[in-house]
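Here's a quick briefing to read with the model open. Take a look at the structure first, then go through the notes by topic.

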Amino acid sequence: MNRTKIEWTDYTWNPIVGCKNGCPYCYARRFAERFYGSFEPRFFPERLDEPKRVKKPSKIFCCSMGEPFGDWIPRSWTASILYTMRNAYWHTFQILTKCPENLLGKHSFVFPKNVWIGTTVDTRSAIHRIQYLRDVKARVKFISFEPLLEYIPQLDLLRALRAFQTDNYINWVIIGAKTGPKPFIPPRRWVEEIISAARYSGCAVFLKDNLRWPELIREFPNGGNEV
């Protein structure tokens, strides 16, 4: 595991590295090709015990360099990771996926109480991913709008967040800019509309530093704030 500069977590942990989603802005691909020679998904079972060696309760971002729920990932890999999470109960594990549809159905997963599940929404066409979180059994469910590449109308987002339910099922929203070789900071209006929809829906809001936002907003879904 590695200490990280990602503001909303403490460590990154990568028992799976590699992905086939093919996102053109992927930072992980550049690192993987440099250090591993390719971005083909691979499993590192020797890394499974790493969280247990950290005794201080921490937030751990799992698979920042890969996609743990892709169609191409053997279920045994993901099951092994969840087993570690369940046993390292003093930590909070955060998982992001662009394949939330694979969290449900006949191969649905049971997530320990210390696991937060999120999906990435970078464009308006990706907003459909939110609906798959509705029936996922996880204590905290969240959305990462990073990188935010397109304007997402507030009404569309409100519909997705509420999903015609009386109870909110999304707990947390993260918003960030595109970094790397061709950085892009989304217009203020785009961010404001997401914040407004999140507030209306009862979601905590976390703004990344790369937005260069004038106000520090670092809320967590447990009701806490980072200052």
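**Starting from one strand pair**

Strand 7 (residues 115-120) runs parallel to strand 8 (residues 140-145), and five bridges link the two. One contact to look up in that pairing: Thr120 has Ser144 of strand 8 as its bridge partner. Keep in mind that this is a predicted model.

**The sheet around it**

- Both strands belong to an open sheet of eight strands with mixed pairing, ordered 1-2-5-6-7-8-9-10.
- Strand 1 (2-3) and strand 10 (204-207) sit at the edges with a single partner strand each, so one side of each has no neighbour in the sheet.
- In general, strands of a sheet are paired by backbone hydrogen bonds, in either a parallel or an antiparallel sense.

**The whole fold**

- The protein chain holds four helices and 10 strands.
- Going along the sequence, the pattern reads β-β-β-α-β-β-α-β-β-β-α-β-α-β.
- Of the contacts in the protein chain with a separation of 6 or more, 70% are between residues 24 or more positions apart.

**Size and packing**

- The radius of gyration is 17 Å, which agrees with the value near 17 Å that a compact globule of 227 residues would have.
- The C-alpha trace spans about 45 × 40 × 35 Å along its principal axes.
- Buried residues account for 53% of the 227 in the protein chain.

**Surface and charge**

- About 11,300 Å² of the protein chain is exposed, with 51% of that coming from carbon and sulfur atoms.
- There are 34 positive and 22 negative side chains, and the centres of these two sets are 3 Å apart.

Note on methods
Residues are numbered from 1 along each chain as its sequence is written. This is a predicted model: local features need pLDDT of at least 70, side-chain atom pairs count only at pLDDT 80 or more; totals for chains, interfaces and linings use all residues. Side-chain values use heavy atoms; hydrogens and water are left out. The radius of gyration is taken over C-alpha atoms; the globule rule is 2.2 Å times the number of residues to the power 0.38. Buried means under 20% relative accessible area, exposed over 50%, partly exposed in between (1.4 Å probe, protein chains only). Contact means heavy atoms within 4.5 Å. Accessible areas come from the Shrake-Rupley method with a 1.4 Å probe; for residues, only the protein chains shown count as cover. Lys and Arg count as positive and Asp and Glu as negative; His and the chain ends are not counted. The place of a charge is taken as NZ of Lys, CZ of Arg, CG of Asp or CD of Glu. Two strands pair if DSSP finds at least two bridges between them.
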